[in-house]
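User: Could you take a close look at one part of this structure for me? I'm in my first year, so please walk me through it slowly.

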Amino acid sequence: MEDIKNCSLVVATYYISNRAVGKIGVIGPTRMEYPRVISSVDVISDILGKLISKASG
């Protein structure tokens with residue numbers, strides 16, 4: 001895929017009750033600020049898992 005050849009993917013898994021239920025990720029330029037992106041994706045995956053868990057009872 002020519003359009004994304006200079007891109008990278010950062011992915012984190014989100015969990016409900018210690019069970020992996022999905023993934024969330026960011027596609028960005030190869031030279032992105034990896035520590036910042038990794039931290040953000042980790043935080044969002046944690047929040048997403050908690051929200052889904054709370055909504056499902």
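I'd like to hear about strand 1 and the parts around it, starting with the loop that follows it.

Analyst: Sure, let's go piece by piece. One thing to keep in mind throughout is that this is a predicted model.

Let's begin with the loop. Strand 1 covers residues 7-16 and strand 2 covers 19-29, and Ser17 sits in the loop between them. Asn18 is in that loop between strand 1 and strand 2 too. Now check the backbone angles. Most residues other than glycine have a negative phi. Ser17, however, has a positive phi of about 55° without being a glycine. Asn18 also has a positive phi, near 60°, and it isn't a glycine either. Are these two loop residues buried or exposed? Ser17 has a relative accessibility of 68%, so it counts as exposed, since the cut-off for that is over 50%. Asn18 comes in at 79%, so it counts as exposed as well.

Next, step back into the strand itself. Val11 is part of strand 1. With 42% relative accessibility, Val11 counts as partly exposed, because that value falls between the 20% and 50% cut-offs. Val11 also helps build a nonpolar patch on the surface, together with Met1, Ile4, Leu9 and Ile27. That patch has an area of about 580 Å².

Now for the buried side of the story. Which residues make up the largest nonpolar core? There are five of them: Val10, Ala12, Met32, Val37 and Val41. Strand 1 and helix 1, which spans 34-55, are the elements that each give two or more residues to this core. Val37 is a handy residue to click on here. Leaving out residues up to four places away in sequence, Val37 touches Val10, Val26 and Met32.

Helix 1 has another residue worth a look, namely Ser45. Its relative accessibility is just 7%, which is why Ser45 counts as buried, the cut-off being under 20%. What does Ser45 touch, apart from its neighbours within four places in sequence? The contacts are Ala12, Thr13, Tyr14 and Ile24. Ala12 is a name you've already met, as one of the core residues.

Staying on helix 1, let's turn to charges. Side chains of opposite charge can pair when their charged atoms come close. Lys50 and Asp46 make a salt bridge, with 3.2 Å from N to O. Both residues are in helix 1, four residues apart, or about one turn of the helix. Lys50 has 54% relative accessibility and so counts as exposed, while Asp46, at 42%, is partly exposed.

How many salt bridges are there in total? The count is three. Another one joins Lys5 to Glu2, whose closest N and O atoms are 3.0 Å apart, and both of these residues are exposed. Then there is the bridge between Arg36 and Glu33, where the closest N and O atoms lie 3.8 Å apart. Arg36 and Glu33 are both exposed too.

Finally, here's what the database record adds. An unreviewed UniProt entry lists residues 2-38 as "domain: Heat-inducible transcription repressor HrcA C-terminal". In this model, that span is 57% strand and 14% helix, and its end C-alpha atoms are 25 Å apart.

Definitions and conventions. Residues are numbered from 1 along each chain as its sequence is written. This is a predicted model: local features need pLDDT of at least 70, side-chain atom pairs count only at pLDDT 80 or more; totals for chains, interfaces and linings use all residues. Side-chain values use heavy atoms; hydrogens and water are left out. Buried means under 20% relative accessible area, exposed over 50%, partly exposed in between (1.4 Å probe, protein chains only). Patches are made of residues with over 30% relative accessible area and no salt bridge: like charges are joined within 9 Å, nonpolar side chains (Val, Leu, Ile, Met, Phe, Trp, Tyr) within 5 Å. Accessible areas come from the Shrake-Rupley method with a 1.4 Å probe; for residues, only the protein chains shown count as cover. A salt bridge is a side-chain nitrogen of Lys or Arg within 4 Å of a carboxyl oxygen of Asp or Glu. A nonpolar core is a set of buried Ala, Val, Leu, Ile, Met, Phe, Trp, Tyr and Cys residues joined through side-chain atoms within 4.5 Å. Contact means heavy atoms within 4.5 Å. UniProt positions are given in the numbering used here, feature names are shortened, and annotations may be inferred rather than shown by experiment.
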